[in-house]
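Visitor: I am new to this structure and would like a close look at one part of it, the pocket that ranks second by size. Please start there and then work outward to what else is known.

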Amino acid sequence: MYAMNKSPTLLSDDQVRRFIADGFIVLDSCLPDTLHAGIARELHFSLKKESKWLGDNLLPRVPKIEVVLQSSVVQGAMQSLLGPDFAWAPHRFPHNSEPLDPSERPESFDPFENQPAMGKGSISGSGWHQDGHSKAGRSRWHTFKAINLFYFPHDVPIEMGPTRLLAGTHLYATLRNALPSQVFLEPIKAGTVIVADFDLGHAGTPNRSSTSRYMLKFVALRTSNPARPAWDHRDEQWGTPSDLRTATDVPRTWETLWHWLRGDTQSVQHDTLPTSEIPRLLTELASADNKVRLSAMYELVRIGKPSVEPLVQQLLATKGQDRHESPAQDDPGFYAMSPDTSQRRFSRRQFVPEDVAIALGLIGTPSIDPLVALLDEADPWMRINAAYALGEIGKATSAELADQVGTLLDDELHQVVRAAADALCWLPYGEKTIGRIKRILVDSRDDWQDSAMGEPKLGGSWTIENQVRYALAWTVLSRVNHPTGADVSIQLEDAMLSALPFESGYTPAVLCQGLERIGTPQALRAVIRYLQPRRWDAFSFEPPDEREAA
């Protein structure tokens with residue numbers, strides 16, 4: 001039996017700065033080698049002898065993994081970057097990379113190669129990609145709202161195919177213009193965890209050894225915007241770390257995000273360019289060079305209020321282009337990989353907002369009135385981006401304004417409803433919005449029954465309705481952290497209890513976390529009743545032949 005250390009090992013200022021700039025950090029979980037070896041053996045036995053498809057049932061099948069997730073190192077990293085009230089997503093997945101046939105193994109490998117051949121039976125994808133939230137497209141965020149945790153239970157030398165990363169691409173809208181110099185590919189020791197921003201580009205690597213390689217992926221999400229630093233914070237000022245992996249040098253961008261993560265959005269309103277530079281900066285937002293684009297975006301943020309009206313006008317210029325319509329699954333745009341690097345549009349896999357909406361959200365309070373006006377625009381793309389930006393403003397908004405965003409839950413288009421659901425995760429909405437959320441969680445809509453898989457290659461039978469409900473489950477969970485008054489708490493609990501019987505993929509799993517946080521006897525009884533028939537036998541065993549172990 002392994003003890004779970006509940007005392008988190010918080011990240012340092014330097015580690016947080018590196019995460020902001022590179023989009024990832026590599027940590028030793030500091031757990032016994034025997035634990036990792038046991039996890040590797042059980043995982044290997046299960047995948048080879050029981051089922052080739054564990055999917056999201058990874059934890060009940062190999063319960064020892066929970067020791068890793070509850071470890072001081074992992075808990076400290078998640079709390080440092082996502083806040084103490086972060087939550088794990090129901091998606092947790094084993095990515096196996098099987099050996100290439102000896103006749104197909106190249107002597108060398110180009111680390112930047114896109115989609116090289118993988119061994120038969122590999123789940124790990126070798127094409128460069130930014131993840132979509134499994135089964136349900138959600139928003140991308142420059143601010144740090146979601147993290148991928150990659151855990152390696154055994155040594156992974158280069159020839160076995162470690163996971164590759166593209167440093168700095170978590171701030172990219174597309175990977176089309178990533179550079180070979182951004183590739184991170186290094187041998188990995190057993191027990192290593194890579195903590196990566198959810199939007200960081202990554203890929204599998206061909207396995208040129210004779211042994212299966214395993215990497216286990218988990219997703220954690222923020223449930224409230226930061227009010228203060230959550231890590232071991234000593235130095236208020238931004239300082240660019242030495243030896244960064246990213247090739248995109250944007251210190252003003254990083255500084256803005258550093259202060260956002262500190263809960264201090266006012267510290268960036270200094271040392272700004274003159275307002276006469278605004279036209280040039282708006283033009284540079286269309287640049288295919290990410291250094292130029294990101295620098296321009298965040299200079300506009302630092303200029304602040306004078307940038308708002310020009311940014312709104314640039315958003316209005318995208319009307320009438322049907323950007324709210326999702327590309328087909330065989331269209332590169334579905335994966336935010338359109339040949340047009342300036343393309344921004346909704347996708348059932350992941351919503352990529354306009355750069356100007358990101359900037360308006362980071363500017364904060366001066367953007368509120370113009371954005372509220374856009375909530376009534378006829379073009380859905382305006383409503384979608386306005387909701388996104390208002391959500392990013394977050395704590396500076398009022399309950400009344402939050403409920404104005406909540407009216408978008410009545411929109412006839414699921415794209416608008418989903419964007420509103422994501423935005424409401426960060427807004428202090430009230431009883432009227434909770435009523436709308438409950439209605440969608442419980443009442444079915446005929447026009448939302450079309451198939452809609454955020455990750456179609458993984459298979460599944462989700463519908464648009466399932467995706468909308470999953471997004472709203474996070475909306476409710478986030479609101480539980482900061483209820484306002486007894487009536488709001490009672491309504492939140494009632495909405496979650498009412499929705500538990502309506503299976504929609506991961507939705508009940510998220511609602512159970514919300515009910516656990518509410519903590520009333522009624523809520524806890526409902527969670528136990530729901531989970532009891534769905535539990536697995538957590539019998540842990542040694543495979544009969546350890547020689548088969550990874």
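Guide: About 970 Å³ of space lies in the second largest pocket. The model is a predicted one, in which local features need pLDDT of at least 70 and side-chain atom pairs count only at pLDDT 80 or more, while totals for chains, interfaces and linings use all residues. Residues are numbered from 1 along each chain as its sequence is written, and side-chain values use heavy atoms, with hydrogens and water left out.

A pocket is found on a 1 Å grid over the protein atoms alone, as an open set of points with protein on both sides within 12 Å along at least five of seven lines; a cavity, by contrast, is a set of points where a 1.4 Å probe fits but cannot get out, and lining residues have an atom within 4 Å of a point. Points are joined across faces, edges and corners, and the volume is the space filled by probe spheres set on them.

The lining of this second largest pocket has 40 residues, and those nearest its centre are Gly125, Gly127, His129, Glu455 and Lys457. By class the lining splits into 18 nonpolar, 17 polar and five charged residues. Here Ala, Val, Leu, Ile, Met, Phe, Trp, Tyr, Cys and Pro count as nonpolar, Asp, Glu, Lys and Arg as charged, and the others, Gly among them, as polar. Strands β2, β8 (201-203) and β9 each supply at least two lining residues. Strand β2 gives the most, with four. Strands (E, at least two residues) and helices (H or I, at least four) are DSSP runs numbered from the N terminus.

Strand β2 (87-97) and strand β9 (213-221) also appear in the lining of the largest pocket, where each supplies at least two residues, as do α3 (58-61), α4 (65-69), α5 (72-82), α18 (507-518) and α19 (521-531). The largest pocket holds about 1400 Å³ of space. Its lining has 39 residues, with Leu59, Pro90, Arg92, Ala509 and Leu531 closest to the centre. The classes there are 22 nonpolar, eight polar and nine charged.

Following β2 out of the pockets leads to a loop between β2 and β3 (138-139), where Lys135 is found. Most residues other than glycine have a negative phi. Lys135, which is not a glycine, has a positive phi of about 75°. Lys135 counts as partly exposed because its relative accessibility is 22%; the cut-offs are under 20% relative accessible area for buried, over 50% for exposed, and partly exposed in between, with a 1.4 Å probe and protein chains only. Asp322 has a positive phi too, about 55°, and is not a glycine either. Asp322 sits in the loop between α9 (305-316) and β10 (350-351), and with a relative accessible area of 48% it is partly exposed.

Enclosed spaces come next. The structure has seven cavities of 30 Å³ or more. The largest cavity has a volume of about 120 Å³, and its 16 lining residues include Gly333, Ala336, Met337, Gln343 and Val352, which lie nearest the centre. The second largest cavity has about 100 Å³. Among its 14 lining residues, Arg140, His142, Tyr172, Ala173 and Ile358 lie nearest the centre, and by class the lining has eight nonpolar, two polar and four charged residues.

Ile358 also has a distant partner in sequence: its C-alpha atom is 7.8 Å from that of Glu392, 34 residues away along the chain. Glu392 belongs to helix α12 (residues 380-393) and is buried, because its relative accessibility is 8%. Beyond neighbours within four places in sequence, Glu392 contacts Trp141, Thr143, Lys145, Asn225, Gly361 and Trp426, where contact means heavy atoms within 4.5 Å.

Last is the nonpolar interior. A nonpolar core is a set of buried Ala, Val, Leu, Ile, Met, Phe, Trp, Tyr and Cys residues joined through side-chain atoms within 4.5 Å. The largest core has 144 residues, and Met78 and Val195 touch the most other members. Helix α16 (residues 464-480) gives the most to this core, with 10 residues. A second, separate core has 13 residues, including Phe24, Ile188, Ala196 and Met215.
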